[in-house]
Each structure stands twice: as structure tokens, then as C-alpha cells.
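Student: I am new to this kind of picture and would like to learn how to read it feature by feature. Could we go through it together, beginning with the bound molecules?

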Amino acid sequence: MTLSLDEQKQEQRNAATSRRAEIAPGAAADSAAERFLDTFADLSGQIVSLYWPLGSELDTRPLLRRLHVLGVICALPVVEKADHPLSFRRWDPDTVLEPGRFKVLVPANSAPTVTPDIVVTPMLAFDALGYRLGYGGGFYDRTLAGLRARGSCRAVGYAYAAQEVAKVITDRYDQRLDYMVTEKEVRKIS
Ligand SMILES: Nc1nc2c(c(=O)[nH]1)N(C=O)[C@@H](CNc1ccc(C(=O)N[C@@H](CCC(=O)O)C(=O)O)cc1)CN2
Ligand SMILES: Nc1ncnc2c1ncn2[C@@H]1O[C@H](COP(=O)(O)OP(=O)(O)OP(=O)(O)O)[C@@H](O)[C@H]1O
């Protein structure tokens, strides 16, 4: 039986979801945050978008807190509409979060909209070429394509090292990451 590209992606998604759920978090969130901060040492004046963790994703909250203490402007993604790019709203520790689409917590719409210079992206799986597999909405692909068309934007994958696979199944819209940060290492993708 031959599976369509979408069916193959869905199979990879199911396998990656089960695999990620088995990972024991340990100190990974703190280690990954330290590696991120060592690599991106000068973020003054930059806007960094993170994500508010969902399910078994690598926890970004230690990194958010530390970036905020360093004076870096932080933001979180908001799904505006299916098949549209994400927008980004500023976050600080006093920001009220409310449930958005797909049960993700997002800053209330009183938070200012910003355009990030660095987009830290969640994922189910990644590969050595910098391809990532998400939940299938195509949100980050559309968003990165738009940001890159308008200027410079660095895409930084953030996940457990154990989420790496030999090859992510891709289509023509998939945007590659510029960096991949895990609790074990930071890789610049060429
Ligand atoms: N933390 C986080 N925020 C994010 C994303 C993400 O992947 N992770 N997104 C990336 O595009 C956007 C939200 N889009 C999403 C699209 C689909 C699902 C989804 O299908 N969730 C599953 C299971 C979640 C879980 O592990 O508990 C579901 O609802 O069944 C989630 C978010 C923007 N914010
Ligand atoms: N720029 C784009 N224009 C049109 N369609 C797109 C674009 N980017 C992605 N898509 C489509 O969106 C659908 C979902 O994409 P994909 O499977 O790559 O999502 P994902 O990377 O897993 O999810 P996400 O980015 O939300 O985490 C696919 O059918 C894909 O072809």
C-alpha cells in the first residue's frame, strides 16, 4: 500500500508523539536554557519569541524567565486563524495568559503585537538538516516564510535531544531551522 505524503507525515507524527511522551524531563529545561544563553550572548534590542509549553514539549519557562531578567523582549505565538501565519504578543512575568486555539495559553489581546528577530520553535521531531515536524497546522512554516521574506529572522528549534529522527518527511513548504538547541548541544545548521 502506498501512503500519501500527508499520511506518511501523520504516521511520523504519531510515532514522534509517543516517543516524546516517554522522555523524562530531568534537568533538560535548565540545561537547554543555559546552552541557548551561551550561544545567543548578545540579545540586546532583539525580540525573541518562545512558546508556552504544551503536553510533553521541552519546557521553555526557565529560558523565558532568564531572558526577561536579562532585559530581552519576549513574545509568545498566537494562532489567529487556520491556514494563516502566527502573530506574536509581548510577554513578561505579569502578562495574563488565556486559552487560545488548540488550548494553548496566549497573552490576552491587550498585550502589544511584536515582530520577532528570533523564533524559538516547538516540535514533535527534528532531523540533522534542520527540518522539523509540528502538529500539522503549518503555522511555523507560514510564519517563517513570511518573516524571512520581509527581512532577517533566525529560527531556533528547541527540543529534547531524543526527539531527533534520521529524516523528517517534508513537503515543499517546510522551512528549515537555523539552529537546533537541545539539553545536550547547540547545532548551527548550515
Ligand atoms: N507550545 C506550543 N505553542 C504553539 C504551537 C505548538 O506546537 N506548541 N503551535 C504550533 O503550530 C501553535 C499552536 N498550534 C497548535 C496546533 C495543533 C495543536 C495540537 O494538535 N495539539 C494536540 C495535542 C497537544 C498535546 O500534546 O497535549 C491536540 O490538541 O490534540 C497544538 C497547537 C502556536 N503555539
Ligand atoms: N507557506 C505555506 N503556504 C501554503 N501551505 C502551506 C504553507 N506552509 C505549510 N503549508 C501546508 O500546511 C500543511 C501543514 O504543514 P506541515 O505538515 O509542514 O505542518 P507542521 O510543520 O507539522 O506544523 P506547525 O508548523 O504548525 O508546527 C501542509 O499541508 C502544508 O503543505
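Tutor: Let us begin with the surroundings of ligand 2, whose shell divides into four nonpolar, four polar and seven charged residues. Please keep in mind throughout that this is a predicted model.

Student: Which residues come nearest to ligand 2?

Tutor: A shell is read by listing the residues that have a heavy atom within 4 Å of the molecule. Ligand 2 has 15 such residues around it, and those that come nearest are Arg13, Arg132, Gly134, Phe139 and Asp141.

Student: Which helices each supply at least two residues of the shell around ligand 2?

Tutor: Here one asks where along the chain the shell residues come from. Helix α1, which spans 5–21, and helix α4, which spans 139–150, each supply at least two residues of that shell, and the largest share, four residues, comes from α4.

Student: How should I look for polar contacts, and what is 3.0 Å from an oxygen atom of ligand 2 in the side chain of lysine 9?

Tutor: The idea is to look for pairs of N or O atoms within 3.5 Å of each other. In the side chain of lysine 9, an N or O atom is 3.0 Å from an oxygen atom of ligand 2. The backbone takes part as well, since tyrosine 140 has a polar backbone atom 3.0 Å from an oxygen atom of ligand 2, and in the side chain of aspartate 171 an N or O atom is 3.1 Å from an oxygen atom of the ligand. Taken alone, ligand 2 exposes 640 Å², and the protein buries 80% of that.

Student: Where does ligand 2 sit, and what does the shell around ligand 1 divide into?

Tutor: Ligand 2 sits in the largest pocket, and ligand 1 sits in the largest pocket too. The shell around ligand 1 consists of 12 nonpolar residues, one polar residue and two charged residues. Of the 15 residues that surround ligand 1, the closest are Trp52, Glu57, Val79, Pro122 and Tyr135.

Student: Which atoms of ligand 1 lie 2.8 Å from tryptophan 52 and 2.7 Å from glutamate 57?

Tutor: In both cases it is a nitrogen atom of the ligand: one is 2.8 Å from a polar backbone atom of tryptophan 52, and a polar side-chain atom of glutamate 57 lies 2.7 Å from a nitrogen atom. With tyrosine 135 the ligand contributes an oxygen atom, which lies 3.0 Å from a polar side-chain atom of that residue. On its own, ligand 1 has 690 Å² of accessible area, of which the protein covers 74%.

Student: Let us turn to the backbone. What makes a positive phi worth noticing?

Tutor: Most residues other than glycine have a negative phi, so a positive value stands out. Aspartate 83 is such a case, with a phi near 60 degrees, and the residue lies in the loop between β2 (73–78) and β3 (87–91). Lysine 103 likewise has a positive phi, of about 65 degrees, although it is not a glycine, and its place is the loop between β4 (97–99) and β5 (105–107).

Student: Are aspartate 83 and lysine 103 buried or exposed?

Tutor: One compares the relative accessible area with a cut-off, and a residue counts as exposed when the value is over 50%. Aspartate 83 has 55% relative accessibility and therefore counts as exposed, and lysine 103, at 73%, counts as exposed too.

Student: What about leucine 43: where does the residue lie, and is leucine 43 buried or exposed?

Tutor: Leucine 43 lies in the loop between α2 (28–39) and β1 (47–49). Its relative accessible area is 4%, which means that leucine 43 is buried, since buried is used for values under 20%. Sequence and space can also be read side by side here, for leucine 43 and valine 72 are 29 residues apart in sequence and 6.4 Å apart in space, C-alpha to C-alpha.

Student: How accessible is threonine 17, and what does the residue count as?

Tutor: Threonine 17, found in helix α1, has 36% relative accessibility and so counts as partly exposed. Its C-alpha atom is separated by 28 Å from that of cysteine 153, which is 136 residues away along the chain.

Definitions and conventions:
Residues are numbered from 1 along each chain as its sequence is written. Chains are lettered from A and ligands numbered from 1 in the order in which they are written. This is a predicted model: local features need pLDDT of at least 70, side-chain atom pairs count only at pLDDT 80 or more; totals for chains, interfaces and linings use all residues. Side-chain values use heavy atoms; hydrogens and water are left out. A polar contact is a pair of N or O atoms within 3.5 Å; within protein, one must be able to donate a hydrogen and the other to accept it, and residues adjacent in sequence count only if both atoms are side-chain atoms. Accessible areas come from the Shrake-Rupley method with a 1.4 Å probe; for residues, only the protein chains shown count as cover. On a 1 Å grid over the protein atoms alone, a cavity is a set of points where a 1.4 Å probe fits but cannot get out, and a pocket is an open set with protein on both sides within 12 Å along at least five of seven lines; lining residues have an atom within 4 Å of a point. A molecule sits in a cavity or pocket if more than half of its atoms lie within 2 Å of its grid points. Ala, Val, Leu, Ile, Met, Phe, Trp, Tyr, Cys and Pro count as nonpolar, Asp, Glu, Lys and Arg as charged, and the others, Gly among them, as polar. Buried means under 20% relative accessible area, exposed over 50%, partly exposed in between (1.4 Å probe, protein chains only).
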